[in-house]
Amino acid sequence: MTTFGIHDIELVTTHHALDLAELARARGVDPAKFEIGLGQTRMSVPAPDEDAVTMGATAALRVLERHGSDRLRSLLFATESGVDQSKSGGMFVHGLLGLPPQMRVMEFKQACYAGTAALQAAIAAVARDPGAEVLVVISDVAKYELDSSGEPTQGAAAVAMLVKADPALVEIEPETGMFSAEVDDFWRPNDSTTARVDGALSLKAYLDALIGSWDDYAARGGRAIEEIDRFLYHQPFTKMAVKGHQRLGRHTGADLTAEQLETSRTYNRVLGNSYGASIYAALASLLHHEDGLEGKRIGFYSYGSGSVGEYFTGVVRPGYREHLHPEPIQSDLAARPSISFDEYVALHETVLSSAEDVETPRVTGAPFRFAGIRGGARQYERNA
Ligand code: COA
């Protein structure tokens with residue numbers, strides 16, 4: 001039987017990062033609250049010439065350099081931090097990568113859930129046309145108000161995944177459980193660059209949707225929890241995955257262990273929140289840090305405030321390790337300079353208006369950069 005799923009994956013983040021110990025010092029908070037209470041040590045901070053498009057284009061470039069674009073029929077771009085109210089961030093990526101015109105490009109939005117919506121749409125598209133490939137790009141900059149409760153849970157990252165028949169990494173299984181409920185736990189008004197959040201309500205909504213989507217998954221013929229070997233969760237901060245795992249264990253009565261999700265938290269601890277990309281950053285972390293996963297079943301819990309939850313599973317393919325490329329993200333993370341608290345605040349407060357032409361300073365060393373605004377339109381370019 002033909003299988004469908006993830007053939008390749010790349011994770012990309014920003015040029016620099018803020019150490020959460022530095023944020024704790026500046027805010028007069030015990031650093032253990034961030035490191036132990038939230039499970040975070042650093043958070044990615046975009047340079048002035050980086051955004052969701054530049055990170056997404058870099059991740060997509062790394063995937064397409066290996067596979068080409070001959071069979072590519074769709075580019076699905078998922079983001080909460082879109083750069084335009086109308087034009088898809090995917091169109092900028094399409095242009096930067098010089099992709100063929102004979103393809104579909106669009107943007108998906110539903111807070112942190114959008115990447116899973118794009119992945120499921122990609123699976124459906126390749127199931128209908130098994131010779132085709134779909135590029136899913138999930139890219140977000142998580143930004144809250146300065147000195148707000150959400151401040152230590154900011155961050156940024158992009159994941160690009162090539163979806164096709166007979167995938168090399170993870171086969172996505174057809175059973176899926178869904179749960180949607182209208183709730184004001186997190187949102188970002190059209191005139192705001194920062195998200196608003198009711199922290200306590202967002203935790204409750206996340207856990208309610210976990211149980212709701214799990215129950216739907218189970219009712220629709222999903223696997224027994226004992227058949228799932230590793231567990232991935234949407235990770236706005238990595239302690240949230242632990243909370244979700246404990247809650248699922250209590251709900252199902254299963255003896256779930258911390259080891260079942262430990263390796264999936266490694267990258268997210270130093271990226272911070274990456275909204276839609278976070279669960280797929282967790283997937284990259286799991287695959288990069290564990291041997292012997294062939295044939296193992298992974299449970300995915302994807303959540304997006306507002307709110308939508310989805311539970312589904314995938315099975316790791318034989319020989320997956322030969323198709324992984326951990327070097328770029330691991331060397332990028334090791335090389336990232338830490339910025340000071342004052343530099344972080346200055347970057348946070350810089351908001352560009354489309355009413356003025358501006359050129360951004362040249363900072364990022366990534367293949368693509370946001371060059372500025374001209375005539376109200378965002379300008380992107382290949383880095384020299
Ligand atoms: N040492 C160790 N742990 C400490 C600590 C210390 N000195 N001080 C506090 N903590 C722990 C708390 O016990 C708590 O852990 P617990 O929830 O397991 O009990 C954790 O650190 C956070 O403390 P809390 O007082 O709840 O933090 P907060 O009120 O500042 O807000 C969030 C935490 C997550 C609600 C906030 O960061 C937020 O709004 N984030 C954005 C929304 C979000 O990510 N939602 C998730 C669902 S999508």
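This is a tour of one protein chain, going from the whole model to its domains, a pocket and a few single residues.

**The whole chain**

The model is predicted. Start with the entire chain shown as a cartoon. Its secondary structure comes to 11 helices and 16 strands. Taken along the principal axes, the C-alpha atoms fill a box of roughly 55 × 50 × 40 Å. A compact globule of 384 residues would have a radius of gyration near 21 Å, and the chain has 20 Å, so the two agree.

Now colour the chain by burial. Of the 384 residues, 58% count as buried. Contacts can be sorted by separation along the sequence: among those with a separation of 6 or more, 75% are between residues 24 or more positions apart.

**The two domains**

Select residues 4-170 together with 324-382 and give them one colour; the domain assignment calls this domain 1. Then select 172-320, which is domain 2. Domain 1 is made of two stretches of sequence, 4-170 and 324-382. The C-alpha centres of the two domains lie 19 Å apart. The contact between them takes 57 residues from domain 1 and 48 residues from domain 2.

**The second largest pocket**

Next, select Leu 38, Ser 149, Gly 150, Thr 153 and Phe 237. Of the 31 residues that line the second largest pocket, these lie nearest its centre. The space in this pocket is about 590 Å³. To see which elements take part, select α1 (20-27), α2 (31-37), α6 (199-219) and α7 (238-252); each gives two or more residues to the lining. The most comes from α6, with four residues.

Colour the lining by residue class: 16 residues are nonpolar, 10 are polar and five are charged. Where is this pocket relative to domain 1 and domain 2? Both domains give residues to its lining, so the pocket lies between them.

**Glu 80 and Ala 111**

Move to Glu 80, in the loop between β4 (72-78) and α4 (89-97). Is Glu 80 buried or exposed? Its relative accessible area is 10%, under the 20% cut-off, so Glu 80 is buried. Leaving out residues up to four places away in sequence, Glu 80 touches Ala 111, Asp 140, Val 141, Phe 186, Arg 188 and Tyr 275.

From that list, select Ala 111. It sits in the loop between β5 (104-108) and α5 (114-128). With 11% relative accessibility, Ala 111 counts as buried. Check its backbone too: phi is near 45°, a positive value in a residue other than glycine. Most residues other than glycine have a negative phi.

**Ala 142**

Select Ala 142, in strand β6 (residues 133-142). Ala 142 counts as buried, at 3% relative accessibility. Beyond residues up to four places away in sequence, Ala 142 touches Thr 153, Gln 154, Gly 155, Asn 273 and Tyr 275. Two of these names have come up before: Thr 153 is one of the residues nearest the centre of the second largest pocket, and Tyr 275 is among the contacts of Glu 80. For a longer line across the model, draw a distance from Ala 142 to Gly 319. They are 177 residues apart in sequence and 34 Å apart in space, C-alpha to C-alpha.

**Arg 336**

Go on to Arg 336, in the loop between α10 (327-335) and α11 (341-349). At 6% relative accessibility, Arg 336 counts as buried. Show its contacts, again without residues up to four places away in sequence: Thr 13, Thr 14, His 15, His 16, Ala 17, Arg 42, Ser 44 and Val 270. Then draw a distance to Ser 44. Arg 336 and Ser 44 are 292 residues apart in sequence, and their C-alpha atoms are 9.1 Å apart in space.

**Two backbone stops**

Select Asp 166, in the loop between β7 (155-165) and β8 (170-180). Phi of Asp 166 is near 55°, a positive value in a residue other than glycine. Asp 166 is partly exposed, with a relative accessible area of 48%.

For the last stop, select Gly 306 and Ser 307. What kind of peptide bond joins them? The bond is cis, with omega about 5°. Most peptide bonds are trans. Ser 307 is in the loop between β12 (297-304) and β13 (308-316).

Definitions and conventions
Residues are numbered from 1 along each chain as its sequence is written. This is a predicted model: local features need pLDDT of at least 70, side-chain atom pairs count only at pLDDT 80 or more; totals for chains, interfaces and linings use all residues. Side-chain values use heavy atoms; hydrogens and water are left out. On a 1 Å grid over the protein atoms alone, a cavity is a set of points where a 1.4 Å probe fits but cannot get out, and a pocket is an open set with protein on both sides within 12 Å along at least five of seven lines; lining residues have an atom within 4 Å of a point. Grid points are joined across faces, edges and corners, and a volume is the space filled by probe spheres set on the points. Ala, Val, Leu, Ile, Met, Phe, Trp, Tyr, Cys and Pro count as nonpolar, Asp, Glu, Lys and Arg as charged, and the others, Gly among them, as polar. Domain bounds come from an automatic or database domain assignment. The radius of gyration is taken over C-alpha atoms; the globule rule is 2.2 Å times the number of residues to the power 0.38. Buried means under 20% relative accessible area, exposed over 50%, partly exposed in between (1.4 Å probe, protein chains only). Contact means heavy atoms within 4.5 Å.
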